[in-house]
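Here are my comments on the model you sent round. They are set out as numbered points, to be read with the structure open.

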Amino acid sequence: MDVKSTPSYLYWLFCQFELITCSYLMEPWEKVLFYSFNLTMLGLLLYTTYVCLAFHASSAFQLLCSFLGNPRENALSVVK
């Protein structure tokens, strides 16, 4: 892809987005509310994904380390 055609491609994508969401019919103040709501929701989704993914990766790494590093104790020795 040519660097000079990148802005026109991004503009084309934005036009497609406006057509799909029918936001080209909105007034400017409605567009501001619509886009800010969508960007806020996208930001919250990305933040939540980052936090949950980090938590689950950390838990999985700890579980893997406990399986590989520490041999499990015998169940009978725990009961005694």
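**Notes on the model**

1. E18 is buried, because its relative accessible area is 13% and the cut-off for buried is under 20%. This residue sits in helix 1. Please keep in mind throughout that the model is predicted.

2. What does E18 touch, leaving aside residues up to four places away in sequence? The contacts are S23, Y24, K31 and Y35. Two of these partners, K31 and Y35, come up again in the next points.

3. The side chain of E18 forms a salt bridge with that of K31, at 3.1 Å from N to O. This pair ties together distant parts of the chain, with E18 in helix 1 and K31 in helix 2 (residues 28–69), 13 residues apart. As background, side chains of opposite charge can pair when their charged atoms come close.

4. How many salt bridges does a search of the whole structure find? The search returns one. Any comment on salt bridges in this model is therefore a comment on K31 and E18, given that a salt bridge needs a Lys or Arg side-chain nitrogen within 4 Å of an Asp or Glu carboxyl oxygen.

5. The side chain of E18 also makes a polar contact with the side chain of Y35, at 3.2 Å. E18 thus has a salt bridge to K31 as well as this polar contact to Y35.

6. On the surface, Y9, L10, W12 and L13 make a nonpolar patch of about 400 Å². W12, one of its members, lies in helix 1, which covers residues 6–21. Is W12 buried, exposed or partly exposed? W12 is partly exposed, because its relative accessible area of 46% falls between the limits of 20% and 50%.

7. The UniProt record, an unreviewed entry, lists residues 32–53 as "transmembrane region". In the model this stretch is 100% helix and 0% strand. The C-alpha atoms at its two ends are 31 Å apart. The label itself comes from the record, and such annotations may be inferred rather than shown by experiment.

8. For the chain overall, the count is three helices and zero strands, and the order along the sequence is α-α-α. The chain has 80 residues, of which 4% are buried. About 7,400 Å² is exposed, and carbon and sulfur atoms supply 73% of that area. E18, at 13% relative accessibility, counts as buried.

How values were computed
Residues numbered from 1 in each chain as written. Predicted model: local features only at pLDDT ≥ 70, side-chain atom pairs only at ≥ 80, totals over all residues. Heavy atoms only, no water. Patch = residues over 30% accessible without salt bridge, like charges linked within 9 Å, V, L, I, M, F, W, Y side chains within 5 Å. Areas by Shrake-Rupley, 256 points an atom, 1.4 Å probe, with all protein chains shown as cover. Helix = DSSP H or I, 4+ residues; strand = E, 2+ residues; numbered from the N terminus. Buried < 20%, exposed > 50% of the residue type's maximum accessible area, 1.4 Å probe, protein only. Polar contact = N/O pair within 3.5 Å; in protein donor to acceptor, adjacent residues only side chain to side chain. Contact = heavy atoms within 4.5 Å.
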